[in-house]
Amino acid sequence: MALSETEYRFLEQLYRAQYHTLFLYANAILKNTHLAEEAVQDTFHIACGKAAQVCRSENPSGWLVQTLKHVLKNMERSRSSLYASMRDALPYNDAALGEWQDEESVDLLYGGLLSEEDFRLLKRIALDRYSYLEAAEEFHISVEACRKRLQRIKQKMRKKLDA
């Protein structure tokens, strides 16, 4: 993702001008500052990958807002998928996830499905609504390692649930 000097300066100015507004919008939707920050950073990461398109846009701020909306939808879709995977793994499939205050019972339900550490990471992201940054800090790993571990956990759950 090599940016020309012009693209770099343009995106830097756009970042400085729009970050706060985008953050407020994302925070209003997500109601979590860490997730909102992550969503805005993902939006600008996409913008860097499509710098030429953003620079040519008649309305670069609007382009960012639309991209942020897509990022927010993808975040919600991903969390819903995790939530559904956890719900589907429950015996009898009738327990309400919103009533999972008793952590010991949840741990018992998932006894052999995931390791304790994998379960804790999945729970932090899917149920406690931690951002990747928050989870990574708690588990003393990088954000990228956190994302990769979660991806592997999801694959492991799908494989075991399909079996």
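What is the volume of the largest pocket? Here are my notes, and keep in mind that this is a predicted model.

1. **The pocket.** To answer the opening question, the largest pocket has a volume of about 260 Å³. It is lined by 14 residues, and those closest to its centre are Asn74, Met75, Ser78, Tyr132 and Arg147. Try clicking on these five in the viewer to find the spot.

2. **Who builds the lining.** Three elements give two or more residues each to the lining of the largest pocket: α2, α4 and α8 (143-162). The largest share comes from α4, with six residues. By type, the lining divides into six nonpolar, three polar and five charged residues.

3. **The largest core.** Now for the nonpolar interior. The largest nonpolar core has 21 residues, and Ala39 and Val40 touch the most other members. Four helices, α1 (5-30), α2 (33-49), α3 (51-56) and α4 (60-88), each supply at least two residues of this core. The biggest giver is α1, with seven residues.

4. **A look around Ala39.** Set aside the neighbours within four places in sequence, and Ala39 is still in contact with Ala26, Leu30, Leu68, Val71, Leu72 and Met75. Met75 may ring a bell: this residue is also among those closest to the centre of the largest pocket.

5. **Another core.** There is a second, separate core too, made of 15 residues. Its members include Ile125, Ala136, Phe139 and Ile153.

6. **Aromatic pairs.** A search of the whole structure turns up three aromatic pairs. One of them joins Tyr15 and Tyr19, in a tilted arrangement with 5.2 Å centre to centre and 40° between the planes. Both tyrosines sit in helix α1, four residues apart, which is about one turn of the helix.

7. **Buried or partly exposed?** Which of these words fits Tyr15, and which fits Tyr19? Tyr15 has 31% relative accessibility, so it counts as partly exposed. Tyr19 has a relative accessible area of 18%, and because the cut-off for buried is under 20%, Tyr19 is buried.

8. **A pair between helices.** Tyr15 also pairs with Phe44, this time edge-to-face, at 4.8 Å centre to centre and 70° between the planes. This pair links distant parts of the chain, with Tyr15 in helix α1 and Phe44 in helix α2, 29 residues apart. Phe44 has a relative accessibility of 6%, so this ring counts as buried.

9. **The cluster.** Put the rings together and you get one aromatic cluster, formed by Tyr15, Tyr19, Phe23 and Phe44.

Note on methods. Residues numbered from 1 in each chain as written. Predicted model: local features only at pLDDT ≥ 70, side-chain atom pairs only at ≥ 80, totals over all residues. Heavy atoms only, no water. Core = buried A, V, L, I, M, F, W, Y, C linked by side-chain atoms within 4.5 Å. Buried < 20%, exposed > 50% of the residue type's maximum accessible area, 1.4 Å probe, protein only. Contact = heavy atoms within 4.5 Å. 1 Å grid on protein atoms, 1.4 Å probe; cavity = no way out; pocket = protein on both sides within 12 Å on 5 of 7 lines; lining within 4 Å. Points joined across faces, edges and corners; volume = space filled by probe spheres on them. Nonpolar A, V, L, I, M, F, W, Y, C, P; charged D, E, K, R; others polar. Phe/Tyr/Trp six-rings, centres within 6.5 Å; stacked < 30°, edge-to-face > 60°.
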